[in-house]
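Reader: Please give a close account of one part of this model, a loop and its surroundings. Then set that part in the context of the strands, the helices and the contact between the chains.

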Amino acid sequence: MIKVENLTKRYAGVTAINNLNFEVEKGEIVGFLGPNGAGKSTTMKILTSYLPASSGRATIAGFDVFEQSVEARKHLGYLPENTPLYTDMRVNEYLRYRASLKGVPGRKMRQSVGDVLELCSLRDVEHKLIGSLSKGYRQRVGLADALVHDPDLLILDEPTIGLDPNQIRHVRELIKNLGGKRTVLISTHILPEVEIMCSRVIVIHKGKIRASDTAENLLKNQRTAGSMRFEAKVGSDDAATDLQKLPGVKDVATEKDGDYSVFQLRLEANTDPSEELMRLAMSKHWVVREITRRRPTLEDVFVELTHSDS
Amino acid sequence: MKTFLTLFSRELKSFFYSPIAYVVLFYFLLLAGMNFWYQIQIVNGYPAELTIVEIVFAQALFWFPFILSFPLITMRVYSEEFRMGTLETLTTAPVKDWQIVMSKFAGVLFFYCILWAPSFFSFAAFQYITHHSAANAAGAFYTTFLLLFLMGMFFCSVGLLASALTKDQIIAATISFSVILVCVFLPFLPMVMNLTNPAIKEIFSYFSPVQHMEDFSKGIIDSRPIVWYVSMTALMSYLTLQVFQFRKWKA
């Protein structure tokens with residue numbers, strides 16, 4: 001559905017994206033992850049033919065976004081960052097205008113607009129001026145606009161920003177349900193969102209792709225592994241030194257909590273010293289209150305992939 | 001064509017979403033009406049050598065609201081899209097850039113025609129009531145409005161170009177106001193500077209809207225102003241398209 005080859009965009013002196021290559025298959029929901037200024041929005045703007053690339057090419061449904069831009073745009077529903085809307089129009093009027101602009105025929109207009117009003121829960125504000133709506137409603141009007149002509153491909157630039165937790169859940173559910181028939185490319189820096197919605201994650205940093213895989217695989221393959229929390233009454237033992245000697249333990253931080261000690265163990269990748277830990281505790285007659293393994297999260301992956309300059 | 005009509009109707013409607021349209025319409029109607037009424041009073045009292053059409057369109061009371069109307073109706077058109085960021089939703093829809101530029105031009109020009117409609121009807125009413133032609137001949141009345149349309153085309157396109165240059169409406173209005181002011185009043189330069197060289201005087205009169213109006217309101221259809229206004233409109237619209245694309249890609 002989307003094919004990006006050697007895409008580069010330079011603004012005066014700054015390389016926003018550098019030699020990007022990726023593909024998105026039909027029916028995929030792909031999360032586009034990266035810190036602010038990573039080049040997510042720039043990439044999306046090129047895909048929607050809003051900006052021309054400096055070099056390289058991108059196609060949507062086989063149409064070059066620059067050479068055959070109108071054809072490419074017909075397949076596209078786009079929600080830009082910050083959701084620009086005509087604040088002087090009413091919601092249903094705006095959606096009718098947008099639908100007509102995107103080639104929805106007159107006889108299907110009522111149906112199409114009605115559907116997206118329903119889908120985005122906008123029925124109660126359909127006669128209101130967009131300018132008088134709250135951020136959350138505007139965001140949903142933007143989303144309705146992106147969906148109104150039933151496009152094959154949705155490009156959503158931070159679709160859940162400005163929404164309250166209930167609305168965020170609603171929008172996530174909505175996007176998730178869009179998958180299968182439609183292809184979705186979502187940019188975000190909210191990590192749980194990606195785990196919930198996306199079938200694949202592309203991590204981009206400083207204009208380059210750092211990883212492109214399912215969230216699951218990213219977690220499995222990441223180098224920094226999880227940690228372990230261990231709470232026990234250890235008496236006068238020098239427990240930290242003992243714990244340090246366990247296989248796979250990188251370092252140990254200790255805290256006091258009344259009679260108990262709280263140890264944070266940082267572990268090497270794919271190691272699980274719980275068995276050794278239990279044996280040690282039993283042999284030392286420690287009173288164990290808690291052993292918790294903390295699995296690595298997408299956040300750890302994200303930090304690892306985008307923190308360093310390497 | 002459907003896309004164009006969609007864009008055009010949104011453009012035209014957008015005038016009426018904002019209070020500007022009503023304010024402009026009100027003052028324009030007021031001033032044009034005053035001008036018409038006042039000139040009729042004068043013609044009534046004295047034997048006049050000129051027709052009512054010639055007199056009305058030679059007045060400062062016609063020229064000032066006329067010049068002022070263009071910045072007011074064009075300043076918002078592109079600036080607002082840039083400022084609100086709606087350029088992005090507009091240009092990522094399957095719409096060609098020239099369709100946007102042409103529909104905006106057509107929308108503004110149509111609104112300009114709405115501004116002039118009451119004036120047209122007041123002359124028509126005059127003819128109906130007095131059984132006199134408002135101009136030298138029935139045709140002269142239409143040539144006057146033809147020229148108004150031609151000048152409107154040119155000055156609207158100037159205003160739109162100015163609006164495409166900036167996201168600040170006030171700057172857009174200032175630019176177009178200055179340019180239109182120069183277009184209308186620069187041809188008076190030889191008079192003001194007391195230049196007697198007839199060649200220079202003639203060159204300036206070729207470009208003088210005031211001179212054109214004097215001719216057309218007599219019923220003289222001169223092809224030179226027609227070519228001038230049409231080709232300048234085409235040039236301005238072409239430049240607007242270029243500026244629009246440049247600004248879009250720079251954004």
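Author: Helices and strands are here DSSP runs, numbered from the N terminus: helices are H or I runs of at least four residues, and strands are E runs of at least two. The model is predicted, and for that reason local features need pLDDT of at least 70 and side-chain atom pairs count only at pLDDT 80 or more, while totals for chains, interfaces and linings use all residues. Residues are numbered from 1 along each chain as its sequence is written, and chains are lettered from A and ligands numbered from 1 in the order in which they are written.

The part in question is the loop between helix 1 (40-47) and strand 4 of chain A, where Ser49(A) is found. Phi of Ser49(A) is near 55°, a positive value in a residue other than glycine. A residue is buried if 20 or more other C-beta atoms, placed from the backbone, lie within 10 Å of its own, exposed if 12 or fewer, and partly exposed in between. Ser49(A) counts as buried because it has 26 C-beta neighbours inside 10 Å.

The loop leads to strand 4 of chain A, and two strands are said to pair if DSSP finds at least two bridges between them. Strand 4 (residues 55-60) is joined to strand 1 (residues 2-11) of chain A by 5 bridges, and the two run antiparallel. One such partnership links Glu5(A) with Arg57(A) in strand 4 of chain A. In chain A, 4 strands form an open, antiparallel sheet in the order 2-1-4-5. Its edges are strand 2 (14-24) and strand 5 (63-64) of chain A, each of which pairs on one side only.

A second non-glycine residue with positive phi, at about 50°, is Lys206(A). Lys206(A) lies in the loop between strand 9 (200-205) and strand 10 (208-213) of chain A. Lys206(A) counts as partly exposed because 16 C-beta neighbours lie inside 10 Å.

Further along chain A, strand 13 (residues 260-267) has alternating side chains: Ser261(A), Phe263(A), Leu265(A) and Leu267(A) point to one face and are buried, whereas Tyr260(A), Val262(A), Gln264(A) and Arg266(A) point to the other and are not. Strand 13 pairs in the antiparallel sense with strand 11 (residues 227-233) of chain A over 6 bridges, and Val262(A) has Glu231(A) opposite. Strand 12 (residues 249-257) of chain A also pairs with strand 13 in the antiparallel sense, over 8 bridges, with Thr254(A) opposite Phe263(A). Strands 12 and 13 of chain A form a hairpin with 2 residues between them, and Gly258(A) in the turn has a positive phi of about 65°.

In chain B, the buried residues of helix 11 (residues 209-218) are Pro209(B), His212(B), Met213(B), Phe216(B) and Ser217(B). They line one face of the helix, because down the axis of helix 11 of chain B they fall within an arc of 120°, taken from the directions from the helix axis to the C-beta atoms. Just after helix 11 of chain B, Gly219(B) takes a positive phi of about 100°.

As for the contact between the chains, 18 residues of chain B are in contact with 23 residues of chain A, contact being C-beta atoms, placed from the backbone, within 7 Å. Helix 1 (2-17) and helix 5 (86-92) of chain B each supply at least two residues of the side of chain B that touches chain A.

Notes
Two residues are in contact if their C-beta atoms, placed from the backbone, lie within 7 Å.
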